[in-house]
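Me: I'm new to this and keep tripping over the vocabulary. Can we go through a few terms and see how each one is earned?

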Amino acid sequence: MTGQRSDARRNYQRILAVAEAEVAAHGAEASLEQIARTAGVGSATVRRHFPTRRALLEAVFQERIEGLCERAHRLSATEDGRTALLEWLHALVLYAVSARGFANTLSYEPPAEEPSPHSCGNRIAAAGTPLLQRAIRDKVVAPHVTFHDLLTLAVGIALATERHKDPETQADRLFRLAVEGLSPEHGIAGVAGNSGSSVLVTESLPNGRL
């Protein structure tokens, strides 16, 4: 039994190492069959360790997710709630850009799979939501902003820039543009409302608000 457990651990580590390389090369849709062939195991062995594609992707990004969660915890002790939130969100955006497949993983919702409480998205939400709630309490972020809004923003920036010649620089630019606003001196005057009519807001958003 001990030998079988050792073999299983070795298979797990070998599959995970190959999966990390394949996901880095091909993104979230990396071939499970190719992962099995490269790792020197059967497809059934891959599925025994990782029953779903989501489970495999969660394992690939686990270490970085833990790093983002730890960073959120450290930032929760900083004095400025807005700075803490934006620093963490910026780190999330840049990681999503640098780690191919990560943004897809956050938005990957196969209809037959229910995300677990330990999924990438749920763990990130659990880490980042307290930072957002604090910023809202401090009145430095608009009260209607949700964590889903911020996660959608991060994923959207990462996916939009992944084929850019300098994705990190472009992602950083778009992130700052989103935070600062298109025309911060003029608020949202002229933006069409739900009915299609123009919403005339003459005052700009208070400084320091998302």
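Reply: Sure! Let's start with a sorting rule: Ala, Val, Leu, Ile, Met, Phe, Trp, Tyr, Cys and Pro count as nonpolar, Asp, Glu, Lys and Arg as charged, and the others as polar. Keep in mind that this is a predicted model.

Me: What makes the lining of the largest cavity divide the way it does into nonpolar, polar and charged?

Reply: Look at who is there: Val23, Ala28, Ala30, Leu32, Ile35, Arg53, Leu56 and Leu57. Val, Ala, Leu and Ile count as nonpolar and Arg as charged, so the split is seven nonpolar, no polar and one charged.

Me: How many cavities of 30 Å³ or more are there, and how much space lies in the largest cavity?

Reply: There's one of that size, and the space in the largest cavity is about 30 Å³.

Me: Which helix gives the largest share of that lining?

Reply: Helix 4, with three residues. Helix 2 (32-39) and helix 4 (53-60) each chip in at least two. As for domains, domain 1 (7-51) and domain 2 (53-108 + 115-182) each provide at least three lining residues.

Me: Now Glu58, over in helix 4. Why is Glu58 called buried?

Reply: Buried means under 20% relative accessible area. Glu58 comes out at 15%, so Glu58 counts as buried.

Me: And what does the side chain of Glu58 reach?

Reply: The backbone nitrogen of Cys120, at 2.6 Å. The cut-off for a polar contact is within 3.5 Å, and 2.6 Å falls inside that.

Conventions
Residues numbered from 1 in each chain as written. Predicted model: local features only at pLDDT ≥ 70, side-chain atom pairs only at ≥ 80, totals over all residues. Heavy atoms only, no water. 1 Å grid on protein atoms, 1.4 Å probe; cavity = no way out; pocket = protein on both sides within 12 Å on 5 of 7 lines; lining within 4 Å. Points joined across faces, edges and corners; volume = space filled by probe spheres on them. Helix = DSSP H or I, 4+ residues; strand = E, 2+ residues; numbered from the N terminus. Domains from an automatic or database assignment. Buried < 20%, exposed > 50% of the residue type's maximum accessible area, 1.4 Å probe, protein only. Polar contact = N/O pair within 3.5 Å; in protein donor to acceptor, adjacent residues only side chain to side chain.
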